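Colleague: Got a minute to walk me through this one? I'd like to start with the loops, then get to the packing.

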Amino acid sequence: MKPKDELIQDYIDKVLSAEDKELFDTLYESDNEFRNAVKRQIEMTDLLTRRLSSEEEALRANLTEAETKHRTGKVISWKQWLTPLIAAACILIVVKFVFFPSDKALYELPEMRSEIVRGSQNNEADQYEDAVKAFNDKDYQKSTRILMQLHRADNTILQYQFYLGLSLIGEKKFDDAQMSLLPIAEGESVFQQEANYYLGIALVELGQTEQAKERLSNIDPSAKIYEKAKKLLDSIK
Amino acid sequence: MHSDQKYIQFLLQNNGEGIQHIYRKFADKVVIMIRRNSGSDDDGFDILQESLVDIYHMAKYKDFQLTTTFEAFLLLVCKRKWLNELKKRKNKEVTNTESYVFDIEDDSQTTYLEHMALVEKENILMEVLDTLGERCQEIIKRCMVSKNQEKIAASLGLTYAYLRKKKSECMAKLGEKVKAHPFFKANNR
């Protein structure tokens with residue numbers, strides 16, 4: 001009698017003889033373990049055929065190449081251009097101080113508005129007011145902590161998330177600020193235009209100038225922040 | 001069809017330029033997310049590559065459809081993969097301060113999760129396959145790709161009958177290992 005393993009494999013490969021087919025059918029009907037083994041092996045065969053026939057290795061080669069380019073592109077250019085970059089920066093600083101007024105105002109954070117927010121309860125409102133005070137006093141570490149708590153408690157209130165992003169900029173945590181502002185900049189709330197502007201600032205600070213330009217260029221000409229965005233855009237071009 | 005489907009096509013077609021575009025546009029976001037959740041830059045890039053390979057396999061299923069932005073989908077896959085990796089490393093202190101990044105506005109997440117679970121199952125099967133002896137691995141890999149088993153037998157210096165016998169044994173061994181694996185046990189496989 002043929003071993004069960006071979007019966008199963010022959011069945012899957014469709015090479016069962018008439019005699020073996022009879023034995024297979026009997027076992028399949030009467031032996032629960034055999035039936036489960038058949039089902040498992042059919043599934044394994046399908047998955048293995050699918051996976052082993054794919055072009056995963058070729059894809060991985062391209063992914064690795066793209067990763068190397070992405071990573072070394074940054075490192076090499078940073079190293080290669082470090083000296084001329086420092087020289088250029090020195091010249092720019094001199095030129096800037098001698099011939100142009102400071103554009104520091106473009107990077108300044110707005111005043112955080114004191115108000116009772118939608119759906120707030122007393123404790124929440126008090127916390128928000130504490131955040132307002134800390135933010136406007138430039139105690140960004142404190143305002144970040146409070147706003148993060150508020151945002152965690154209710155992430156549907158975009159006002160918390162928006163000011164959290166600004167507060168993170170105040171703390172010079174630009175990576176975190178980017179993550180906080182990005183969803184708002186890509187949404188449709190009243191904070192969208194301003195979020196794009198401050199996201200632009202975070203990107204400038206992170207050295208991602210091209211992405212910053214893209215953000216700033218997307219600001220609607222009818223937005224209040226538009227003129228400021230235009231100036232910032234000019235200053236980084 | 002979602003306009004971001006083009007990124008899926010880049011992967012399916014193994015389009016070099018397109019893949020570089022994906023890295024330019026999304027790599028830093030993934031790396032930032034991993035860095036903020038106890039990982040390094042290297043972890044971030046590893047997770048990104050593995051997630052893109054998973055997306056490639058998911059996209060090969062006929063019923064797979066991208067219903068959100070590619071970015072939201074990619075971050076979802078990376079997040080799940082990174083959480084699994086952290087569990088493996090027994091480092092369960094994961095912050096969720098930026099959980100809103102993963103919010104997807106429609107109910108497509110459930111469908112995505114089904115596809116992800118399927119690909120994870122395949123990944124584990126491939127890991128189990130790697131634990132078999134070299135001869136078994138070679139026989140299974142070659143027999144799954146080509147149907148011409150006489151040719152495979154000849155190229156391996158075996159008779160056709162012996163190849164079939166070995167293949168059955170190897171597949172049975174694999175089946176037993178799969179049956180004993182915690183993932184499949186947990187899923188009643």
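Modeller: Sure. Start with Ser38(B), which sits in the loop between H2 and H3 of chain B. Keep in mind that this is a predicted model.

Colleague: What is phi of Ser38(B) about?

Modeller: About 70°, a positive value, although Ser38(B) is not a glycine. Most residues other than glycine have a negative phi.

Colleague: Is Ser38(B) buried, exposed or partly exposed?

Modeller: Partly exposed, because 15 other C-beta atoms lie within 10 Å of Ser38(B). The buried class starts at 20, and exposed means 12 or fewer.

Colleague: And in chain A, where does Lys14(A) lie?

Modeller: In the loop between helix H1 (4-12) and helix H2 (18-30) of chain A. Lys14(A) is not a glycine either, and its phi is positive, near 60°. Lys14(A) counts as exposed, because it has 6 C-beta neighbours inside 10 Å.

Colleague: Let's zoom out. How many helices and strands does chain A have?

Modeller: 13 helices and zero strands. The pattern along the sequence is therefore just α, from start to end.

Colleague: What share of chain A is buried?

Modeller: 27% of its 237 residues. Among chain A contacts with a separation of 6 or more, 42% join residues 24 or more positions apart.

Colleague: Which residues of H10(A) are buried?

Modeller: Helix H10 (residues 174-185) of chain A is mostly covered, with nine of its 12 residues buried. They are Asp176(A), Ala177(A), Gln178(A), Met179(A), Ser180(A), Leu181(A), Leu182(A), Ile184(A) and Ala185(A).

Colleague: What do the buried residues of H10(A) pack against?

Modeller: Helix H9 (158-170), H11 and H12 of chain A, together with H2 of chain B.

Colleague: Then take H11(A) and H12(A). At roughly what angle do their axes cross?

Modeller: Roughly 170°, with the axes coming within 8 Å. H11(A) and H12(A) are therefore roughly antiparallel to each other.

Colleague: Which residues meet there, H11(A) to H12(A)?

Modeller: From H11(A), Asn196(A), Tyr197(A), Leu199(A), Gly200(A), Leu203(A) and Val204(A). From H12(A), Thr209(A), Gln211(A), Ala212(A), Arg215(A) and Leu216(A). By class, that contact has six nonpolar, four polar and one charged.

Colleague: Stay with Leu199(A). What does it touch?

Modeller: Leaving out residues up to four places away in sequence, Leu199(A) touches Gln178(A), Leu181(A), Leu182(A), Ala185(A) and Arg215(A).

Colleague: Which residues touch the most other members of the largest nonpolar core?

Modeller: Tyr163(A), Leu181(A), Tyr198(A), Leu199(A) and Ala202(A), in a core of 35 residues. Helix H7 (122-136), helix H8 (140-153), H9, H10, H11, H12 and helix H13 (226-236) of chain A each give two or more residues to this core. The largest share, eight residues, comes from H11(A). There is also a second, separate core of 34 residues, which includes Leu63(A), Ala66(A), Leu48(B) and Leu75(B).

Colleague: So to the interface. How many residues of chain B are in contact with chain A?

Modeller: 39 residues of chain B, in contact with 31 residues of chain A. Helices H2 (16-35), H3 (41-59), H5 (108-129), H6 (134-145) and H8 (160-180) of chain B each supply at least two residues of that side. H8(B) gives the largest share, 11 residues.

Colleague: How does that side of chain B split by class?

Modeller: 20 nonpolar, eight polar and 11 charged residues on the side of chain B that touches chain A.

Colleague: Now inside chain B. How do H3(B) and H4(B) cross?

Modeller: Their axes come within 9 Å and cross at roughly 120°. That makes H3(B) oblique to H4(B). The crossing is right-handed.

Colleague: Which residues of H3(B) and H4(B) meet?

Modeller: Ile47(B), Leu48(B), Glu50(B), Ser51(B), Asp54(B) and Ile55(B) in H3(B) meet Leu74(B), Val77(B), Cys78(B), Lys81(B), Trp82(B) and Glu85(B) in H4(B). That is seven nonpolar, one polar and four charged.

Colleague: Last one. Where does Gln109(B) lie?

Modeller: In helix H5 of chain B. Gln109(B) is partly exposed, because 18 other C-beta atoms lie within 10 Å. Gln109(B) and Thr67(B) are 42 residues apart in sequence, and 9.1 Å apart from C-alpha to C-alpha.

Terms used:
Residues are numbered from 1 along each chain as its sequence is written. Chains are lettered from A and ligands numbered from 1 in the order in which they are written. This is a predicted model: local features need pLDDT of at least 70, side-chain atom pairs count only at pLDDT 80 or more; totals for chains, interfaces and linings use all residues. Helices (H or I, at least four residues) and strands (E, at least two) are DSSP runs, numbered from the N terminus. Two residues are in contact if their C-beta atoms, placed from the backbone, lie within 7 Å. Ala, Val, Leu, Ile, Met, Phe, Trp, Tyr, Cys and Pro count as nonpolar, Asp, Glu, Lys and Arg as charged, and the others, Gly among them, as polar. Axes are lines fitted to C-alpha atoms, for helices over the stretch in contact, and angles run from 0 to 180 degrees between N-to-C directions. Angles under 35 degrees count as roughly parallel, over 145 as roughly antiparallel, 65 to 115 as roughly perpendicular and the rest as oblique. A crossing is left-handed if the near helix is turned anticlockwise from the far one by less than a right angle, and right-handed if clockwise. A nonpolar core is a set of buried Ala, Val, Leu, Ile, Met, Phe, Trp, Tyr and Cys residues joined through C-beta atoms within 7 Å.
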